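Colleague: Please take one part of this model and go through it closely. I would like the central sheet of one chain, with what packs around it.

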Amino acid sequence: MRLGQIRRRLRLRATLEGAIVGGTLAAVALAAGVAIARARGGAVPAGEVVALLVLGLGAGAVARAARRIPLARCARLADAALDGEDRLLSALALEAAPATPFSRALAADAVRRAEALVPGAAVPARRPRGLPALALAASMLAAAALVPASSRAARIAPPSPVAARRAPLPPGTLDAEREAARAARDEATRLADARLAALAGELDRTLRRLAEGTLSDGAALETLAALEARAAEAAEAARREAAAAAAAARGLAETAETRPAGQALGEAAAGAADEGPADEGRARDALAASAAAHPAETAKGLAAAARNMAGTFSEAGDGAGANAEDKSGARRLARDQKAENESAQAPAGQQADDSQRQLERLRRDLDDAASACRDGDPSCASRAGERGRDLERLERQGAARDGLQRIARSAQQLRTRIGRRELGLGEQDAQAMRSFGRAARGGDQSGGGEEQSGASAGREGAGETGTAAGEPAGAGEAGRDQGTGRGKGAGNGAASAALGAEAEDAPGQEAGTGNGIGRQPGGPPLGPRATETAPAGGSEAEVPIADGAGPSRAEVIGTAAGQGFASRSYARAYTDYAAAVEDALAKTAVPEGKRYLVRRYFDLIRPRAPARAARHAP
Amino acid sequence: MSAPRPTELDADADAVVAAVAAFRSDVDRLLGEIGRRLVGQAEVAGAVVSALLAGGHVLLEGVPGLGKTLLVRTTAAAMELSFSRVQFTPDLMPADVLGTNLIVDDAGGRRFEFQKGPLFAHVVLADEINRATPKTQSALLEAMQEQSVTVGKQTYALPPPFFVLATQNPIEMEGTYPLPEAQLYRFLYKLRVEPPTGAELHEILDRTTGAGDEGTRVVLGRERLLEMRALVRQVPVARPIQDFVVRLVEATHPGRSPLAEVARFVRYGSSPRGAQAVILGAKFEALRAGRFAPSFSDVRRVAIPALRHRVLLNFDGEAEGITADALVGKLLTLLPEMP
């Protein structure tokens, strides 16, 4: 009867309100998630957000709709709509009890009254509860999705995966790296070295994805850094294996009976570097034959081989320590990258450990074979033959070190090119980037052979004075060639003349042709500032600088980027930003794919001491 | 529901419908007669009739002169019931209330004969019951509960209906003996008689200072009263309603109440008699409204008079001026009718 209709209306209302509650919760959670994702520099696709929101709505609706609605509740609502005297509830509750005249009368009364009831009066249509909360949550979600992020991390956040896709590279851009990968692959085939083949294949795949534009710069840097680290690690392991094989060969050669085997190993090593493992099995056969004929002497040779191998372990350790001090800057950066990327580091470390364990095991096997031969064990010949085979394999593995190093170098070079954003740039842009790179490294900014002196002159002129002709500092490089700084500012007037006069006072100087960039059209402040950086010769004068004189901060930085970071004005500007720079370096909010770039960039733009530039001058 | 339609009612159900209608009519007539004699106090009069028909007794609390005696006398007269009034004083003895054995000389010689006390009436007004000693107060215990009196070795049944209406003055506490809990719990309701309003006072003056007094008309007979009592007992109570009463009574106990004030200020909560009183009162209210079962609102209507004297406050409650009425009222607000 009416109670069923009331229950249906209640369920409908509950479904609607459940959807609102579910939607509200989903919207709040999504708002938080989107805000966090945006703060971290990520992005959440709008489609997924909408899908999750709809999922929340649906889940809430289903959860509430599935709830049981007791008839007693419906009866209460009906009673409230009638007269509030609980006639229907009482009749419903007494329905299960034994019938009495009273209960029958009660039921009849309830039925009669319920017939007059309109279900809509018991469950009136109303605005679902929770709508304001849903509106608020939706506003939060919209705000999280639309309001621009203000954090530093968000400002430098990497583009979305879709945006990270780049245009395919022009043909030929990666030819050099492809050639290296091909050579490594060929070498792996020739040496039958799975380790080298795997790394060559990985480099090849990375190149292909880069060329297709399916790999972002950040991801490419991470992949290449990991590849470089693994290749370098493998090359180091191969070097140790080659050294161990050579030492074992020398040990075998110490005994006349095993000398043929030692020689066979040595020849195989020499041949492997050229055309591959020729005469495979010679060492094995020689050792087996020697053990069969002269077990005692063979035992001596094997023991010497094991002893010599053990000697290389400690040398390898020392060498590794020495090598560590000779790492290049790029190598250090790769290590930094490794430290940040555990997934890249773990296989490399494991690779080195595996190699070391293999060497240790082979040394023990050599000792065991020597013992067997010394004791007259019948297995002496077979064991000696197996050790010969092991040594040949070790030698082959060591021969792959060149190929491994080639892969590491290719990966490192490619990372450098990506870091300089040379891939996919036009020639003009690439030239500009190279120019910046030279400036960052403190390289020349002037033409001609005397780059450093000219650069020095140009920088000082540009940074401080803005004079026209004859930058005294450049000229002041006692007898150097003419500076050819690239500054374009054209000083003029009396100040320029004075500068020229001061320049001429410098012993042995010639009229410099370097030009500076400056905003001051001349005047006293300009010249003396330039002359004070002259490393030798030129006269010095202290002239007070008027407030506001000199180039703007942007011009100082721009000039430094083009002409070098050794100027004092740039050093002052950099100092002002140092705190922010250090803060940026310390912040882990920098996206992983960009850390390398950020750190490298700040390394490159650190101010150089003026004297350093002078030292670099030839 | 598969209940029969009104037209399909069987004879018994039809009889119930008629009985309920008659009950309602009779109660209205009774209250109308009381109201004709007693100005105002309609709520108190209704509760007194409710207790009378539910088979309980009433404790009236109010200052003298508010018409308590008139109420009881009118009620008894309107139903043609015998009425006696006992003024309780400190020197009142149990025998003064119950009756005593006297030596009687007659043709057969001397013998003891029980002389019935004022308790042997249908309606007994125990005026200022708290002025009597506990010994005399306790003389009422058996009468109120068992509807009988035992003197010596002889038990005498009291004539049904037996209805005690006791009064006590809440102001004059000097020389009084507060009723023990055992005595208190035997009252179905404890009612507070409030002073009349200005308009009611005018009406009182008009009626009582004039010449005529029409007297009380009989509207119900004793037999009809007993039928009505029986009808009240037949009213069924739905389990959700009864569950609400049970939770309400449980909530008056310090250890089981969701109300913090109960735990803090109540020494003892209501006994099961409280639940019985609420249910009986609710049944009467349902019949009085012409319904066949009590509702939550009936329970709410009778809960305070039925429970206020069964919730005993502790020292903190007394010191803080907390009243049982306030606590029960809060519980009625706090407890959901259906959990």
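**Chain B: a helix and the sheet**

The buried residues of H12(B) are Phe296(B), Asp298(B), Val299(B), Arg301(B), Val302(B), Ala303(B), Ile304(B), Pro305(B), Ala306(B) and Leu307(B).

Modeller: That list is a good way in. Keep in mind that the model is predicted.

Start with the helix. Ten of the twelve residues of H12(B) are buried, so the helix is mostly covered. Its cover includes H2, S9, H9, helix H11 (272-288) and helix H14 (324-334) of chain B. The length of H12(B) checks out. Twelve residues at 1.5 Å each should span 16 Å, and the end C-alpha atoms are 16 Å apart, which agrees.

Strand S9 in that cover leads to the sheet. Chain B has 14 helices and eleven strands. Five of the strands form an open sheet, in the order S2-S5-S8-S1-S9, with parallel pairing. Strand S2 (83-87) and strand S9 (189-192) of chain B are the edges; each has a single partner strand, so one side of each has no neighbour in the sheet. Neighbouring strands are turned against each other by 20° on average, direction ignored.

Now go inward from the S2 edge. S2(B) pairs with strand S5 (residues 123-127) of chain B in the parallel sense, over five bridges. Val86(B) has Ala126(B) as its bridge partner in S5(B). On the next step, S5(B) and S8(B) pair in the parallel sense over four bridges. Ala126(B) appears again here: its bridge partner in S8(B) is Ala166(B).

How is S5(B) covered on its two faces? Val123(B), Leu125(B) and Asp127(B) lie on one side, Val124(B) and Ala126(B) on the other, and all are buried. In a regular strand the side chains alternate between the two faces of the sheet. Five of the five residues of S5(B) are buried, so the strand is largely enclosed by the rest of the structure.

Next, the helix lying on the sheet. Helix H2 (residues 42-54) of chain B lies across strand S1 (58-61), strand S8 (163-168) and S9 of chain B. H2(B) runs at about 165° to S9(B).

The contacts of Val58(B) give a residue-level view. Leaving out residues up to four places away in sequence, Val58(B) touches Ala47(B), Val48(B), Ala51(B), Leu165(B), Phe187(B), Leu188(B), Tyr189(B) and Leu191(B). Val58(B) is also among the residues with the most contacts inside the largest nonpolar core, together with Ala78(A), Val48(B), Leu165(B) and Val278(B). That core has 123 residues. Another core, of 72 residues, lies apart from it; Ala253(A), Ala400(A), Ala411(A) and Ile418(A) are among its members. In soluble globular proteins, nonpolar side chains tend to be buried together.

Then the loops, where some backbone values stand out. Most residues other than glycine have a negative phi, and most peptide bonds are trans. Gln41(B) is not a glycine, yet has a positive phi of about 55°. Gln41(B) sits in the loop between H1 and H2 of chain B. Buried or exposed? Gln41(B) is buried, because 24 other C-beta atoms lie within 10 Å and the cut-off is 20 or more. Glu80(B) also has a positive phi of about 55° without being a glycine. Its place is the loop between helix H3 (68-78) and S2 of chain B. Glu80(B) counts as partly exposed, with 16 C-beta neighbours inside 10 Å.

There is a cis bond too. The peptide bond from Pro160(B) to Pro161(B) is cis, with omega near -5°. Pro161(B) belongs to the loop between strand S7 (154-157) and S8 of chain B.

Step back to the whole chain. Of the 339 residues of chain B, 43% count as buried. Among contacts in chain B with a separation of 6 or more, 76% join residues 24 or more positions apart.

Last, the partner chain. In the interface, 26 residues of chain B are in contact with 27 residues of chain A. On the chain B side, helix H1 (11-37), helix H9 (239-250) and helix H12 (296-307) each supply at least two residues. H1(B) gives the most, with five residues. The chain B side divides into 18 nonpolar, three polar and five charged residues. So H12(B), where this began, is mostly covered and also supplies residues to the side that touches chain A.

Conventions:
Residues are numbered from 1 along each chain as its sequence is written. Chains are lettered from A and ligands numbered from 1 in the order in which they are written. This is a predicted model: local features need pLDDT of at least 70, side-chain atom pairs count only at pLDDT 80 or more; totals for chains, interfaces and linings use all residues. Two residues are in contact if their C-beta atoms, placed from the backbone, lie within 7 Å. Ala, Val, Leu, Ile, Met, Phe, Trp, Tyr, Cys and Pro count as nonpolar, Asp, Glu, Lys and Arg as charged, and the others, Gly among them, as polar. Two strands pair if DSSP finds at least two bridges between them. Axes are lines fitted to C-alpha atoms, for helices over the stretch in contact, and angles run from 0 to 180 degrees between N-to-C directions. The expected span of a helix is 1.5 Å times one less than its number of residues. A nonpolar core is a set of buried Ala, Val, Leu, Ile, Met, Phe, Trp, Tyr and Cys residues joined through C-beta atoms within 7 Å.
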